[in-house]
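Let's walk through this model together, from the overall build to a few local details. Keep the sequence and the 3D view side by side as you read.

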Amino acid sequence: MKAVQGYIERKSMLYLTGVEYGDYTMNHVLGCAHGCKYPCYAFMLKRRFGQVSSYEDWLKPFLVSNTLEILDKEIPRLKSKIQSVQLCFTTDPFMYGYEEIEKMSLAAIRKLNNAGVKCIVLSKGILPLELASYSKENEYGITLVSLSEDYRASMEPGAAPYSTRLSALKALHKNGCKTWVSIEPYPTPNLIEQDLETVLEAIDFTDKIIFGRTNYSKEITMFKGHREFYNEQAEQVIAFCKRKDVQFHIKEGTISNKHRPADEYL
């Protein structure tokens, strides 16, 4: 197991997010050892506001030590306003190999559930089977943009292998949990040649799929026909989900407006 770089304290934890499918969120870790190179928007944001100085610093996570104490104060005040809490948008609640972060995340989810608050989890780590004993209203998700371990190692060097990630999600699904998969940021063929259908078939058991393009990347915009490519891939996701009766959400900006179907959302 890996150790966090250190500990920090914060004054607040729960806040409304501007992410299009989010409600409230919490980020109880600064930094992320997964080191995603898509590029990572969270890293870009934290560096812009001076919270980390370099990519190397970003890879050394700091745990917010007073997370549970803050939740004890904020949950009674906010729970009537909260539809769900997402863990997390600027870090990973089940960072691969970090047991201490996992324990804090499980304790936070338990505390929120005990107050009747639903949690939505997204990870590139391994979701523990223990989550199956938590509220059945929770939703557990992984990011999966490919099945190629070579691509995973180059773009998400510190994250869990795709197969391990997928097995953990399947185990939760088999134990009656609501599961979802984020296929975002999906790469263009100049980054990796792959058949989206094989990725979709690997996750056809899940309850919901979110699909989105890669942003903030010159390599993506340099790919001739990237708009048409994303329109085609999004249409493929929609057709697959309708055929398999899986809920779906296509992220804003993925489909060019003139191609955007009226029934994009379920």
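Let's begin at one end of the sheet, where strand S10 (residues 208-213) and S11 run parallel, joined by 4 bridges. Strands here are DSSP E runs of at least two residues, helices are H or I runs of at least four, and both are numbered from the N terminus. Within this pairing, Ile210 has His249 of S11 as its bridge partner. Before going further, please note that this is a predicted model, in which local features need pLDDT of at least 70 and side-chain atom pairs count only at pLDDT 80 or more, while totals for chains, interfaces and linings use all residues. Residues are numbered from 1 along each chain as its sequence is written, and side-chain values use heavy atoms, with hydrogens and water left out.

Now take in the whole sheet. It is open, has 8 strands with mixed pairing, and follows the order S2-S3-S6-S7-S8-S9-S10-S11; two strands pair if DSSP finds at least two bridges between them. Strand S2 (15-16) and strand S11 (247-250) each have a single partner strand and stand at the edges, so one side of each has no neighbour in the sheet. Helix H6 (residues 162-174) packs on the sheet, where it touches strand S7 (119-123), strand S8 (139-143) and strand S9 (178-186), and its direction makes about 165 degrees with that of S8. Helix H9 (residues 226-244) also packs on the sheet, touching S9, S10 and S11, at about 175 degrees to the direction of S10. For these angles, axes are lines fitted to C-alpha atoms, for helices over the stretch in contact, and the values run from 0 to 180 degrees between N-to-C directions.

H9 deserves a second look. Its 19 residues reach 27 Å from the first C-alpha to the last, close to the 27 Å expected at 1.5 Å a residue; the expected span is 1.5 Å times one less than the number of residues. Among its buried residues are Phe229, Tyr230, Val237, Ile238 and Phe240, where buried means under 20% relative accessible area, exposed over 50%, and partly exposed in between (1.4 Å probe, protein chains only). The buried residues of H9 pack against S9, helix H7 (196-202), S10, helix H8 (218-222) and S11. Just after the helix comes Asp245, in the loop between H9 and S11. Phi of Asp245 is near 60 degrees, a positive value in a residue other than glycine, and Asp245 is exposed, with a relative accessible area of 72%.

What lies inside? In soluble globular proteins, nonpolar side chains tend to be buried together. Here the largest nonpolar core has 77 residues, and Leu14, Met26, Val85, Leu127, Leu131, Ile183 and Ile209 touch the most other members. H9 gives the largest share of this core, 7 residues. Such a core is a set of buried Ala, Val, Leu, Ile, Met, Phe, Trp, Tyr and Cys residues joined through side-chain atoms within 4.5 Å. Setting aside neighbours within four places in sequence, Ile209 is in contact with residues including Val181, Ile183, Leu200, Val237, Phe240 and Phe248; contact means heavy atoms within 4.5 Å.

On to helix H4 (residues 99-114), where Ala107 is found. At 29% relative accessibility, Ala107 counts as partly exposed. The buried residues of H4 include Ile101, Met104, Leu106, Ile109 and Leu112, and their cover includes strand S4 (29-30), strand S5 (62-64), helix H3 (67-78), S6 and S7. Gly116, with a positive phi near 85 degrees, follows H4.

Two cis peptide bonds are worth finding in the backbone. One joins Leu87 and Cys88, with omega about -5 degrees, and Cys88 is in the loop between strand S6 (85-87) and H4. Another runs from Glu184 to Pro185, with omega near 5 degrees, and Pro185 is found in strand S9.

Finally, step back to the whole chain. The protein has 9 helices and 11 strands. Its radius of gyration is 18 Å, close to the 18 Å that the globule rule gives for 266 residues, so it is as compact as a globular protein of that length; the radius is taken over C-alpha atoms, and the rule is 2.2 Å times the number of residues to the power 0.38. Of the 266 residues, 52% count as buried.
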